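Open the model in your viewer and keep the selection tool ready. We will go stop by stop.

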Amino acid sequence: MTHQYNRRHALKLLAAGLTALALPKAAVLAASTATVKKPIPASGEPLPVIGLGTWRTFNVGSDPQLLAERARVVDAFFQHGGGLIDSSPMYGSAPDVIGYALKRLGKPDTLFSAEKVWSPAGGTTREQVGELARRWGVETFDLVQIHNLTDWREHLAALRELKAAGKIRYIGITTSHGRRHAEFEQVMASEEIDFAQLTYNITHREAERRLLPLARERGIAVIANRPYDGGNLIKGLKRRGKQVPQWAVEECGCKTWADFLLKFIVSHPAVHCAIPATTRVEHLNENMRAGHSPMPSAVCRERMARTIETL
Amino acid sequence: MSDWSSYRLQDLIPFTQEVYLRLLQRVSEDTWPLQIALLVLGLAAFALALAHRNRLALIFLAPAWICSGLVFHLQHYAELNWAAPYLGLAFLAQGVILSLLGLTGVGIDRQKSFGNLPALIGLSSVLIGVVAYPLIAPLAGFSWMQAESFGVHADPTALTTLGFCLVVLRRTALWLASIIPLSGALLSGLTLLALALPWASALLGMLGVILTALVWKTVASARGVSDGS
């Protein structure tokens with residue numbers, strides 16, 4: 001099974017190399033219809049900028065109707081060339097539901113499986129990862145993150161051993177809602193990690209001050225959670241019934257508010273992937289289209305932020 | 001503390017409104033037509049309380065808690081919420097508590113009048129829990145299969161039992177038998193609130209009234225009035 005893992009890993013790296021060879025760096029971000037991908041600093045492997053979150057939305061238990069609906073969402077995600085699916089043992093049955101979908105749909109090469117370990121560590125890191133792999137129906141995870149920095153020292157030591165043994169490919173840490181940023185920064189600055197997942201969206205930009213610059217400096221890939229602030233942002237904008245400003249349509253292809261909010265996030269140079277969660281295929285389609293170029297410039301991003309502030 | 005203060009109620013509920021409504025529906029589908037039998041059981045317990053057969057009324061309630069604990073919490077809700085297995089065990093314990101109080105007669109209220117406020121609130125809560133609660137979801141525009149019924153779903157079971165407690169128990173036994181339904185229904189009310197379900201306020205409001213009545217009865221009991229002591 002390790003053989004399968006190595007082959008898949010090698011294919012991804014080969015794809016990354018070919019992409020880098022075929023296109024200049026700027027062109028990777030300028031392709032017109034395909035999902036924009038950004039290279040993971042630790043490996044150069046390209047990662048589609050729009051992923052799939054599962055908090056609340058994928059916790060459906062054994063309900064056959066909802067299982068089928070979530071499988072359709074995952075199917076649409078892969079049809080769009082989606083990569084990163086993020087879950088956690090704290091998300092109830094979400095890891096089982098992903099496992100159900102992957103069993104039904106198969107595991108495309110684009111899948112980038114991201115899970116988390118959480119408290120209490122107590123020497124259980126390997127067991128937690130093994131149990132989650134069983135629930136997903138995968139042999140290995142691409143990324144395992146330490147949920148909310150819980151017991152991070154113990155988890156990190158164990159995850160490094162798993163990475164060295166080829167059981168996982170990348171290690172990360174997570175936080176959300178702007179919590180524990182000082183400790184998060186300390187871990188980013190002092191430990192060898194590949195990914196940092198944090199809350200970043202157009203109304204929660206605290207990470208821009210220290211964490212995102214630090215991520216670039218340290219070569220850490222960033223996953224932005226809560227891109228719609230738990231759904232409030234996109235629902236609020238849709239409820240107002242206002243159209244996306246014409247300049248945003250023309251300058252960065254924002255046809256919908258989903259485009260507007262997600263493009264703002266993933267166009268930040270330090271952010272590699274945003275992980276909106278949804279239960280509906282039409283919303284998934286909207287989210288995935290936001291990953292297409294063009295992306296807003298720095299000037300355009302500031303204009304976007306000011307627009308939201310004035311609403 | 002600063003970490004916890006940054007959480008909103010919605011951040012603590014790990015599923016969506018759609019999933020919760022499906023949960024209610026699946027529980028109903030899996031138990032139908034048991035709801036009819038439990039409705040009859042609830043009304044029979046109500047009649048027993050009116051006839052001052054308080055011990056028997058409590059014993060009649062016990063199966064409802066066992067059933068709801070097993071079917072709602074342990075069999076279904078546990079798939080979605082890590083707290084549900086604990087709630088399920090608490091529901092089973094509540095069934096035991098009600099049975100023991102009924103069998104031993106400890107803490108039974110001997111007063112014959114229903115003319116005091118706690119008793120009136122109690123009788124109203126019983127009728128709301130058994131008869132009116134199943135109508136809430138359909139009246140709010142949801143399907144009949146999403147209706148919550150006494151003895152199957154947690155909230156009407158808790159409301160009904162709190163009503164009985166106000167009528168048939170006193171002092172320590174009153175609180176002993178009320179703490180689990182009160183805590184369970186409060187957690188549930190907050191969950192409904194986070195999920196923006198329209199009957200959340202009604203449930204929490206009723207709990208507020210019932211809690212006031214519990215305190216009222218306790219104070220009156222301590223003063224030796226209106227509780228038959």
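**Stop 1: a helix and what it packs on.** Select α12 of chain A, then add α3 (64–79) and α11 (257–266) of chain A. The buried residues of α12(A) pack against these two helices. Keep in mind that this is a predicted model.

Now zoom in on α12(A) alone, residues 281–289. Which residues are buried here? Pick L284(A), N287(A) and M288(A): these are the buried ones to show. Look down the helix axis. The three cover an arc of only 95° around that axis, so they sit on the same side of α12(A). A general rule helps here. An α-helix has 3.6 residues a turn, so residues three or four places apart point the same way.

**Stop 2: the sheet of chain A.** Hide the side chains and show the strands. You should find an open sheet of 8 strands with parallel pairing. Trace the order across chain A: β3-β4-β5-β6-β7-β8-β9-β10. Which strands stand at the edges? Select β3 (52–53) and β10 (271–274) of chain A. Each has a single partner strand, so one side of each is left without a neighbour in the sheet.

Stay at the β10(A) edge. Add strand β9 of chain A, residues 221–225. How many bridges join β9(A) and β10(A)? They pair in the parallel sense over 3 bridges. For one facing pair, label V222(A) and V271(A): the two stand opposite each other, with V271(A) in β10(A). As background, strands of a sheet pair through backbone hydrogen bonds, either parallel or antiparallel.

**Stop 3: chain B as a whole.** Switch to chain B and colour by element. It has 9 helices and 0 strands. From the N terminus on, its elements read α-α-α-α-α-α-α-α-α. The radius of gyration of chain B is 17 Å, close to the 17 Å that the globule rule gives for 229 residues, so chain B is as compact as a globular protein of that length. Turn the chain along its principal axes. The C-alpha trace spans about 50 × 45 × 30 Å.

Colour chain B by burial next. Of its 229 residues, 46% count as buried. Then look at contacts with a separation of 6 or more: residues 24 or more positions apart account for 73% of them in chain B.

**Stop 4: where the chains touch.** Show both chains. The contact takes 18 residues from chain A and 13 residues from chain B. Select helix α2 of chain B, residues 17–31: with 4 residues, it gives the most to chain B's side of the contact with chain A. Finally, colour that side by class. It has 4 nonpolar, 4 polar and 5 charged residues.

Key. Residues numbered from 1 in each chain as written. Chains lettered and ligands numbered in written order. Predicted model: local features only at pLDDT ≥ 70, side-chain atom pairs only at ≥ 80, totals over all residues. Contact = placed C-beta atoms within 7 Å. Nonpolar A, V, L, I, M, F, W, Y, C, P; charged D, E, K, R; others polar. Rg over C-alpha atoms; globule rule 2.2 N^0.38 Å. Buried ≥ 20, exposed ≤ 12 C-beta atoms within 10 Å, placed from the backbone. Arc of directions from axis to C-beta. Pairing = 2+ DSSP bridges.
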